[in-house]
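This briefing goes through selected side-chain and backbone features of one model. The points are grouped by topic.

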Amino acid sequence: MNTRPVTALTGGLVGLALLLSACVDPAGKFNDFVDRAPDAAPTPDAEILSNIPDVSGRFLFSLSSVVDVDSPFYFIATNTLHPTMGGSATITTSLQPLDYLKRTPVGDPIDFETEPVSLTGQFELTATNVSLPGAANPFSDSTVELSQVTIKPTIKNPNLYCGEVTGMLTSPLMLDIAGSTMGAVRITGASDGSGGMPDPVSRCPADPQN
Amino acid sequence: MRRINLTILAVAVAATLAPGVARASGFLVARFGGEQGHPTTTHGSAIYFNPAGLALTSGTRIYAEGMFGTRTASYYRPTAAIDNLVPEGDSGGGTPGVVSSANSGTATLSNPFAAPFAAVVSDLGVRNLGVGIGVYVPFGGAASWDSNSEYTGNDMYPGAVDGVQRWWSIEGSIQSIYTTAAVSYYLPEARLALGAGLNVIRTEVRTIRARNAIGTDDLVASDGSPQEGRALLDAHNMTMSVGIGAIWQPVDALFVGVSYQSRPNFKTTNLKGKLTTKLGLSAPSETDVALRWPLPDVFRAGVTIRPVPRLELRVFGDYVRWSVVDDHCTMTMSTMSRGCKIDDQGNAMSDGATVVVNIPRRWKDAMGVRMGASYWLSSAREIFAGLGYDGSAIPDETLGPDIIDQDKMTASVGTRIEVARHMRLAGTFTQVFYFKRQLAARDEPTFEGISRTPDQAGTYKQSVSVFNLGLEYLF
């Protein structure tokens, strides 16, 4: 039995099939997009302050993630600023997550260690693991898990501090959130919320006095 | 030895090729065998369409077939479909009016495709027995959409160059490669052939689409920073399924066949892989995910009659239970055991897995019917033709450029010629005529939360031409 013609014709069919096959390369398209897309802009350096504004009290704290600046996570920050020798200070902060839609407290507060405030008004808050309930998630109802979170605000005036946020989102998606921003605006109403909330600020404004 | 090489070659090729896209319904693309592929066939494609047919011929046969074709498609998206169109002169997040063409207009694709079918069938020298092995791709599709040249090199809107359909598909392929071993036996007293096949299935999904964090088509946030990103999914699994069938021959000239192909994995299966994302200004990142990937079972029935020796008439149909395809849900690998639970509005339920993104499908069962005829000009030359209709599995609410399906008609012509002793060459040309589909712009998002997608309103057109070129060697 001579099977040579079968092999030859089959090889021809296969070769033709290979030539005509629609080649797709989704990973290549992804890399092309990454090459074209811009990176997050760096924050300008802060200036040395004559005195550190007292940001003690309650603030509407907005964390604008790098994936969508228009959909921030909201918290109430409760701060206590402690002046120290040499014009510097320390700050103790707690962040209470808020329901994204209702802006009411949801879940447990996140308490940070007391941290020093530099002469430029900068301080750094760190948390190894952070869990935010689904109601606080502006994108979906999923619980949000973050790790190695670092918040680096600069105090601009007694009613405002703002800066950058870094860390890793670990659930529902693995995502490096470096480039995310935050802003905190003083809440002037009563502690029961009857005075209403200020307009949120989720990044440093060009003119922090306004 | 050459026979072994042939099989290995066919397996290797099947594992590397994108499948054809001459769809019956959904992404069922089982058209191998051309006009010989049906539930009363004795062609090698019986290994899938009805394994009972394997016992209705004798000897040993090798089948090698290439299905070659071209698919063209277009999607016109009206400006009214843009989620948040920001009028020129205004500011805010969304699609700036000056670049509305980044999210509206016409997207096109024109892709050649090829897919193999290979099988070896034998009676092993035992009367009334048929056994076979085969490799083929019954489910799948591939697409690579054309670029929107208007946005080539545009740094402000770097995603728009990938076309207005990019929120659903930029490029990708889905395929389920079947390797089947089947056996059949003909009961002479009952004039009945019974067959069964065991399928080992490798399913792969590789797709990229544009995506932002809130499931809209917004290009920029209110401060002008980019919102558009990308989601790249690469996932696969191995499963098994079975096919069974029967062919009854009440009289010499009449064959009645029924068959059933079970769902891969017999129930909804999860593909495992990675989701790579770049959202907004974030750096690219990878997440280990599981993709809920239900595939349907298929019922087939058909009748073949030979009113005169030179003429054969066929009518057959299939019923595909696409209604099992409810959601294509991507969940974190670590929580997949809880299962993807999505409510009617598209929100993830708290007792289910952590859902990263969900693409609602909510498909419906679909059926198709075909009729055909063969005429033998001589014992060595057969000509045939066929007509068919296949319904669409995809309702308006979830139709999108990622998987386009429409009601469709098919027309086929072909011939099978004995080109040498023991060797037959078959060719079938099939033209698939798809009916145009139009969706009006929606007032509100169809699905919420994790299931929200941009408005897929617009006009869908598609055309597929297929040429099956097959070789049979009999000995």
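A:Y100 is partly exposed in this predicted model, with a relative accessible area of 21%. Its aromatic partner, A:Y74, is buried at 7%. The notes below begin with this pair and go on to other rings, the disulfides, a helix of chain A and the backbone.

**Aromatic pairs**

- Over all chains, the structure holds 26 aromatic pairs.
- One of these pairs is formed by A:Y74 and A:Y100. The pair is stacked, with 5.9 Å from centre to centre and 15° between the planes.
- A:Y74 belongs to strand 2 (residues 73–83) of chain A, while A:Y100 sits in the loop between strand 3 (89–97) and strand 4 (110–111) of chain A. The two tyrosines are 26 residues apart, and the pair links distant parts of the chain.
- In chain B, the ring centres of B:F117 and B:Y136 lie 5.9 Å apart with the planes at 40°, so this pair is tilted.
- B:F117 is in strand 4 (residues 105–122) of chain B and B:Y136 in strand 5 (residues 129–144) of chain B, so the pair ties together parts that are 19 residues apart in sequence.
- Both B:F117 and B:Y136 are buried.
- B:F117 and B:Y136 are also members of one aromatic cluster. Among the other members are B:F27, B:F32, B:Y48, B:F49 and B:F139. The cluster further includes B:Y178 and the tryptophans B:W293, B:W322 and B:W363.

**Arginines over ring faces**

- A:R103 lies over the face of A:Y74, at 4.0 Å from the ring centre. The ring of A:Y74 is thus described twice here, by its stacking with A:Y100 and by A:R103 over its face.
- B:R230 lies over the face of A:F33, at 4.1 Å from the ring centre. Here the arginine belongs to chain B and the ring to chain A.

**Helix 2 of chain A**

- Helix 2 of chain A covers residues 26–36. Its buried residues are A:P26, A:G28, A:K29, A:F30 and A:F33.
- These buried residues pack against four strands of chain B: strand 6 (171–187), strand 7 (192–211), strand 8 (229–248) and strand 10 (269–278).
- A:F33 is one of the buried residues of the helix, and its ring has B:R230 over its face.

**Disulfides**

- How many disulfides does a search of the whole structure find? The search finds two over all chains.
- In chain A, a disulfide joins A:C162 to A:C204, with an S to S distance of 2.1 Å. The link is right-handed, with 110° about the S-S bond.
- A:C162 lies in strand 8 (residues 160–171) of chain A and A:C204 in the segment after strand 10 (180–186) of chain A, so the pair ties together parts that are 42 residues apart in sequence.
- A:C162 counts as buried at 0% relative accessibility, whereas A:C204 is partly exposed at 29%.
- In chain B, a disulfide joins B:C329 to B:C340, with an S to S distance of 1.9 Å. The torsion about its S-S bond is about 90°, so this disulfide is right-handed.
- B:C329 lies in strand 14 (residues 327–332) of chain B, and B:C340 in the loop between strand 14 and strand 15 (355–360) of chain B. The two cysteines are eleven residues apart.
- B:C329 is buried, with a relative accessible area of 0%. B:C340 is buried as well, at 12%.

**Backbone exceptions**

- Most residues other than glycine have a negative phi, and most peptide bonds are trans.
- A cis peptide bond joins A:S171 and A:P172, with omega about 5°. A:P172 is placed in the loop between strand 8 and strand 9 (175–176) of chain A.
- A:Q148 has a positive phi, near 50°. This glutamine is found in strand 7 (residues 144–157) of chain A and is exposed, with a relative accessible area of 52%.
- B:N265 also has a positive phi, near 70°. This asparagine is found in the loop between strand 9 (254–261) and strand 10 of chain B and is partly exposed, with a relative accessible area of 27%.

Conventions:
Residues numbered from 1 in each chain as written. Chains lettered and ligands numbered in written order. Predicted model: local features only at pLDDT ≥ 70, side-chain atom pairs only at ≥ 80, totals over all residues. Heavy atoms only, no water. Disulfide = S-S within 2.5 Å. Buried < 20%, exposed > 50% of the residue type's maximum accessible area, 1.4 Å probe, protein only. Contact = heavy atoms within 4.5 Å. Phe/Tyr/Trp six-rings, centres within 6.5 Å; stacked < 30°, edge-to-face > 60°. Lys NZ or Arg CZ within 6 Å of the ring centre and 35° of its normal.
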